[in-house]
Each structure stands twice: as structure tokens, then as C-alpha cells.
Amino acid sequence: MADDPQLTGAVDRVATSIGRVLRDRLGVDAGQLDKLVDFVGRRLTGDFEVDAFGFDEELTETVLLPVLRPLYRHWFRVDVRGIENIPDAGSALVAANHSGTVPLDSLMTQLAVHDEHPRHRHLRTLGATLVFQLPVVSDLARKGGSTLACNEDVEALLAAGELVGVWPEGFKGVGKPFSERYKLQRFGRGGFVSAALRTGTPIVPCSIVGAEEIYPMIGNADYLARLLGLPYFPVTPTFPWLGPLGLVPLPSKWIIEFGEPIRTDEYPPGAADDPMVVFELTDQVRDTIQRTLTELRELRGPAFG
Amino acid sequence: MSRVVMVVGVARYLGARLAELLSADPEVERVVGVDVVEPAESIGSAEFVRADIRTSDIGRAIRRTAPDTVVHMNILATRADAGGRAPQKEINVIGTMQLLAACQRSESVRKVVVKSSTAVYGAGPNAPALFSEDMVPGVSVRGGYEKDAGEVEAYVRGFSRRRPDVDVTILRFANVLGPTIRTALSEYFVLPVVPVALGRDPRFQLVHERDCLDALRLATVAERPGIFNVAGDGFLVLSQALRRAGRPALPLPTLGTPLVGGMLRRTGVADMDAAMVRFLTHGRGVDTGRMRARLGFEPAYSTLATFDAFAAARAQGGLLDRDRVRTVEQTVRGVLTGEAGHGR
């Protein structure tokens, strides 16, 4: 094809005019376009890097976070407080309340840390085994910086000086009925506290208001859940009744507050294996979050205001 | 100290190369290569002894040659190499038992080196991102080669308890790749269109064939008892590897069903057993800290460099060749930025 000068000329003319239309009519910036082509080119030739946990920083910053940003800014209008409690460098363990039927709160927290923190740090979130069983979801989770919530991975991330996000309520938190909104569930066995103690990492309590109202769960189709191997099958005012439309989250107003870090490096060695210390610290984190949630709800006022 | 090294499994590529490498090593006096068939490739000045490790032949060979070091390279990862799953398991498990029994009775053996694989850790959704040597192996191991590798190591541990005077080194290699070696994974990457699991992009590590041999040589000539993961620096994800090899991916809902797996095998497209399917679905990562600190081994090739060395030798001219993709990229860039069309 390329050997035929007449055809090559025609192709060139068509291509240049398409290019002109794109630039002039749509007002797309040439520099941005250049960057985009560069990015796509690197993707297509495999010139990129992932870390040991599968985190693809470039893809996260160029594709994954920008896709979520409109939801964060314009739909949930997320208000972030206490971002100065996230250290500029070094490891920290962010522990937050979990809710919302679909765990959008972890994605929004990840975006909050990246967008509001002066160093644009990445929050490396921890996910349940189910996340890594599902096709597509597991792939996006790893590329977005998530890894399995197990002691080995948490400690490896903290030892590498990363910022780690954990939702210790797990499925008990995300899948609780609407009537129990803003009531914290048990914080598991406090595994995240042991990991923090073992690595001397500060724990930043994080309270999220707003996620409870995005998919108010009024029922649970237990039989379907078991059939699909899911921890619960949500029934909300819109799902599954409205089909795909039921997947649109309600536009509640969100506040995410990062509390003062709780130090863990002053405990004697071996504290990580002392259940008394672990449960005490776990309760301290849990109480802080519960108290802050009550304050933030008052501050926010009506959910859809 | 006299150095008589017996390399078990010299008829296959890495075994032959190691025997050749050791026979050129001034620290090694004599190299004995053992296998059931005569090696097709050069084993240097090593002497060849024919013995079947599934039988007591191997005991006689050890008595006759009196080695002080035995390197066990005869654990087969692909059933095609053995001629089926049953013979593969026979060679791996029974072969190891016979070899260790012979070593246990031998007066001369002072050191055993085993070429194992990170497959002992298995692969699955509940695997940690990085396995370290002390983790209970096989949390998600169900069968096939993964199980063989785990059983082999269990017998090696048993041997180690009965003969505490013998130094045992187990090297758990990540997948070995390079310009020459043929493995199930290398043949997978040279398929014109590569089947992958839909919605999965596993990450993995590689070891260059030269690094593999260097690590084995080091474990053979130096005193480094223990278990070590061996892998090159960094990670690759499958989609990235395929693009670097210029191979289009064919996403299938699952690679694991008897239908898909059987069809690929019968048509000779790819020999994928359950272990490989799990690897290609979930990937695997191992911690290599101990390899650096205690084995004192630094791989010359990173995972990426290993793959590129393999791709340059074996995977040229794929449908999505990188040069072709770059030409298109240049053209698109030219169009978008307003310079004349063909960006050449």
C-alpha cells in the first residue's frame, strides 16, 4: 500500500484533514494529544512497569483515577478534612469504616489521598480474597495498587514505606442493611493493628460519611448470594428493579476525615503478639472513628443536601 | 577437598549446560553426568553414566563414582518431556526417592543441591503478593507439577533430617526463559495468537537461563545450605510480555476447562496443565531477599531483560511486531500534531 504514491498522497491528505478537524473544531490541545499518543504507544509496545504487587502507577494516574474523578468531584462532592495527618513520606496505616454495598468508599479514599495530599501519595488498599477471584476486578484492583489483605502483604508494603489503606470491618461493613448505617461492625481480629505494631507504623483513623447512602440496602437475596458465591446479594430501592440504572449510586454528600495518627512505635517488642495490647489499640481506633462519624453527620446535615 | 560432582539429568538442556560449566571449573575435579538416555548436547569433559533414577541403578552409579556433591536436576516441569503425566510423576517423585535413598546410604556424599521451582507455592486468589522461603508451601497447590515439586521437597527435608551431616541446598527457581531453552512457557509465548484468561493479567518473574546455571554452579561449589528463591529483578505482566513479543492475545473465558485445555493440547497448540493454568490466571511473586543476603547471588538479567533476550531470539515478526506498532504510533502522532501524515 505504502508503495503506491497516489494512494499514499490521498491517505496523507485525509489524515491531515482529520487531524486539523480534531485540533481546530474540538479545541484539543496538541501537547495533550502528544502525551496521550505517547502513553498509548508505550502501552501497545509494553514499555511500562508494575511493582511486586502488580501496581501500575502510570495506568492508575492516566486512566483509573481520572475515570473516578467526576464521581468524586461532581457526584459525591467529597469534602476532605485532616489531610495533614497523612505523613509526607514513610509508611502509615489508614484504617477506615466500610459501607455502601459496593465498596466505592475505598476508591474515593484513594482518590482523596492522591488529589488532596501535597505529595500526591498513592494509598495502597487491601482487598478481600473475593476481589482477587473475580476476573476484570482482580486485574484492575492489582493495577490500581490493591493487594490481598493478608499479614505478609501488609507488612511488606509497610516495610517498603508505603501508605496502606485498610477497611477492618470487611464484608460485615459493606453489606450491612441501611437501618444499621454508621454503626461500626467488629474490627475483625485486629490483624491490621498487629501489622502496625510489628513495623512501628502509625495508624491514621479515617471516618467516611456519605458512603452509607449511595446504595441503601433494604434487603438481601440470600439464596442468590449463595448461588453466585457472594457474601450477600443487595436489594436496594433501585437494584435490581431498574436494571443497569439501579447501578447508579445515589448522589449523597461525602466527608472524609483523617484523624490524628496513633503511634505504635512506643510499645515494647512483642506487643504485636499480645492480644491485650492489640484489642486495646483496635478499640481506640474504632472509638475514634465512631465518635468522628457522629460529629461529621451533624456537620454534613441532610445526606442529599 | 576433592570435588567429584554428580549431575543427575544431563540429557536435558540445563543439565547438559551445568555439567559442561562445572567440568570447566578449576575447583571441580571430576564431573559425572547421569541420565537414562545419552545427552544430545555437549557435556564438556564430564563423563556420562547411564542410569535410570527410578530404579536402584542410581545407587550403583553413586557407589561406583563416589561423588561428594549430587546435583538433582531431574524434576520435570512439563508432562510432554516425560511422555505423559503418569511417567512425569514417576520420574519426579519415585526418581527423587531413589536418588535420596542412594545418597543416604552413600559414605561419600557431603552435599545435595536440588533444582526446585517456585511452583511449590502454588498460585491462586488467596496467595500473598510475595512468597518467602519460610511460608508453608502449597497453600493453594492442588495437583500436577506443583504437587510433585512439593512432594520432592518433602522427601528432601526428610533426607536432611536423617543425614544432618549432609549440606542440602534447595533452589526454587522462577520460570526459566532465555534464547535457547525450551519450556512450556517459552512455547506458549511463541504461539502466533496466545490464549489468555479473560479479565486477568497475571504478574510474574523470570530467571535467565544463564543466571539459572550460575546460581546452580554457585550452590554446587560454595557452602550455602538452605532454601532460596531465585528470580530476576522486577516483574512483568502477561499483557506486557505479549506486546513485547508482538503477540496478539486471545482472551478465553477460562483456560482451565477440559474443553479448552484439551483442545489446545490435542491440536498441539499448547501443553497447559492445571498448574500452568493457575499460574497464567493468578500469577506469582517471590521474595528474593535471601538469595542476595545469604546465597550471595545477584542475577545478571532482570525479568524484563530475560524476556527481551528470549523475544529477540525466538519471537521475532509477530503479528503485532513492536516496530510496526511504533510506525503506526508515529503516523498517528503526525496526524494529530499537524505535521505531514506519514511520520517517516
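Helices here are DSSP runs of at least four residues, numbered from the N terminus. Keep that in mind as we walk through this predicted model, starting with a pocket and then moving to where the two chains meet.

The second largest pocket holds about 980 Å³ of space. Its lining is made up of 43 residues, and B:Arg12, B:Ala77, B:Thr78, B:Thr183 and B:Ala184 are the ones nearest the centre. Which helix gives the most to that lining? That would be H6(B), with four residues. Plenty of other chain B elements chip in with at least two residues each, among them helix H1 (13-23), strand S5 (111-117) and helix H10 (274-282). Sort the lining by class and you get 23 nonpolar, nine polar and eleven charged residues.

Now for the interface. Chain A brings 42 residues to the contact and chain B brings 33. Together they bury about 3100 Å², with carbon and sulfur atoms giving 59% of that. On the chain A side, A:Val37, A:Thr45 and A:Ala52 supply 17% of the area that chain A buries against chain B, more than any other three residues.

What about polar links across the interface? There are twelve residue pairs in polar contact and two salt bridges. One salt bridge joins the side chains of A:Asp47 and B:Arg244, at 3.1 Å from N to O.

Several chain A elements supply at least two residues each to the side touching chain B, including helix H1 (5-24), helix H2 (30-45) and strand S4 (147-148). The largest share, nine residues, comes from H2(A). Overall, that side of chain A splits into 18 nonpolar, eleven polar and 13 charged residues.

Note on methods: Residues are numbered from 1 along each chain as its sequence is written. Chains are lettered from A and ligands numbered from 1 in the order in which they are written. This is a predicted model: local features need pLDDT of at least 70, side-chain atom pairs count only at pLDDT 80 or more; totals for chains, interfaces and linings use all residues. Side-chain values use heavy atoms; hydrogens and water are left out. Contact means heavy atoms within 4.5 Å. Buried area is the accessible area (1.4 Å probe) that two parts lose on being put together, summed over both. A salt bridge is a side-chain nitrogen of Lys or Arg within 4 Å of a carboxyl oxygen of Asp or Glu. A polar contact is a pair of N or O atoms within 3.5 Å; within protein, one must be able to donate a hydrogen and the other to accept it, and residues adjacent in sequence count only if both atoms are side-chain atoms. Ala, Val, Leu, Ile, Met, Phe, Trp, Tyr, Cys and Pro count as nonpolar, Asp, Glu, Lys and Arg as charged, and the others, Gly among them, as polar. On a 1 Å grid over the protein atoms alone, a cavity is a set of points where a 1.4 Å probe fits but cannot get out, and a pocket is an open set with protein on both sides within 12 Å along at least five of seven lines; lining residues have an atom within 4 Å of a point. Grid points are joined across faces, edges and corners, and a volume is the space filled by probe spheres set on the points.
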